[in-house]
Amino acid sequence: MALRADDLIDRRRLRRKLTFWRVVAIGIVALGVIALSAWLYGDDLGGSAVDHIAKVRIEGTITEDEELIKRLENIRESSKVKGVILAIDSPGGTTVGGESIYEEVRKLAADKPVVAEVGTLAASAGYMIASAADHIVARKTSIVGSIGVLIQYPDVSGLMDKLGVKLEEVKSSPLKASPSPFKPTNDDERAMVRKLILDSYDWFVGIVAERRKMTHEQALALADGSIFTGRQGVSNGLIDAVGGEAEAIDWLETKGVDAKLKVVEWKDTGRRGGFLWSKAMVKTIGSALGLPDYSGDVIHELGADRLFLDGLVSVWHP
């Protein structure tokens with residue numbers, strides 16, 4: 001009986017020791033995984049813990065994007081980022097959205113060299129953002145330009161007449177809630193909207209003149225809404241060179257950035273709109289619809305988001 005009691009005590013001690021070392025082993029593995037993740041991905045929303053060139057994609061219709069602005073701010077504050085590539089592929093969007101991103105890029109460019117790499121197109125507010133970079137490269141057949149501002153609104157008054165629908169309204173002043181889709185626009189309303197458009201347009205032209213080192217007259221001559229190929233953009237001064245990422249890195253090297261540094265894409269790590277519009281679900285729906293795998297938003301891929309833009313917009317509609 002004494003031997004059995006001693007055996008039980010020894011077994012309990014052995015179990016305690018095994019349990020202790022198992023916990024220690026699990027802790028070491030967990031710390032190793034955390035350290036490896038930190039080294040690979042860093043702690044700056046998709047950045048890296050080693051020196052690198054940060055790449056940020058700005059794609060689709062541009063609106064106010066707090067996440068993107070925060071990402072650019074994190075890049076600016078990261079000591080590991082030595083240069084930045086903005087990969088732009090956008091037809092434009094809201095003027096305010098373009099303005100807010102433009103200003104954040106200018107803050108970033110004050111601390112680190114920034115180059116814009118245009119893909120298929122950088123038009124309107126997309127070009128506005130590209131102009132915030134210190135250097136712009138685009139493919140020979142990329143589309144750039146479409147400098148301008150507009151407001152669009154429907155006139156359904158004819159349809160209302162056919163349906164026998166009338167709109168009754170009481171307004172504090174004649175221009176309140178104008179222009180309205182429920183009645184034809186009069187001269188005073190058009191004059192009000194035109195003043196609004198011209199003020200923002202003058203600001204946009206001023207940006208182009210300042211950033212592209214043109215006179216106001218030179219910028220104004222290009223700001224008639226025209227679009228240009230990348231080759232034409234080099235000729236008229238809207239971009240600096242023809243090329244892609246390799247040429248963008250070559251320019252960064254002239255600014256003291258080591259061309260051998262790895263290019264790390266800083267991605268949007270957030271989830272938008274809960275489960276239904278999470279990135280995984282969007283990708284699944286996109287695949288079912290035959291959309292590209294890189295689709296960030298089904299609505300963006302369909303182009304339908306442009307239908308819901310409100311306020312002043314700077315966008316090119318193909």
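1. Two strands are taken to pair if DSSP finds at least two bridges between them; with that criterion in mind, β4 and strand β5 (residues 135-138) pair in the parallel sense over four bridges, and within this pairing Ala 116 stands opposite Ile 136 of β5. The chain reaches β5 from β4 by way of helix α4 (residues 125-130), and this β-α-β crossover is right-handed. The model is a predicted one.

2. Strand β4 (residues 114-123) also pairs with strand β2 (residues 81-90), in the parallel sense and over six bridges, with Ser 90 placed opposite Ala 122 of β4. Three bridges further join β4 to strand β6 (residues 143-145), again running parallel, and here Gly 145 of β6 is the bridge partner of Ala 123.

3. Eight of the 10 residues of β4 are buried, that is, under 20% relative accessible area, and the strand is therefore largely enclosed by the rest of the structure.

4. Helix α6 (residues 187-211) has 25 residues, which at 1.5 Å a residue should span 36 Å, and the distance of 36 Å between its end C-alpha atoms agrees with this. At the start of α6, a side-chain oxygen of Asn 186 comes to within 3.2 Å of the backbone nitrogen of Asp 188, while the residue Lys 213, which follows the helix, has a positive phi, near 55°.

5. The buried residues of α6 include Val 193, Ile 197, Ser 200, Tyr 201, Phe 204, Val 205 and Val 208, and among them are also the residues Glu 189 and Arg 211. As background to reading such a list, an α-helix has 3.6 residues a turn, so residues three or four places apart point the same way.

Note on methods. Residues numbered from 1 in each chain as written. Predicted model: local features only at pLDDT ≥ 70, side-chain atom pairs only at ≥ 80, totals over all residues. Heavy atoms only, no water. Helix = DSSP H or I, 4+ residues; strand = E, 2+ residues; numbered from the N terminus. Expected span 1.5 Å × (residues − 1). Buried < 20%, exposed > 50% of the residue type's maximum accessible area, 1.4 Å probe, protein only. Polar contact = N/O pair within 3.5 Å; in protein donor to acceptor, adjacent residues only side chain to side chain. Right-handed = clockwise from strand over helix to strand, strands pointing away.
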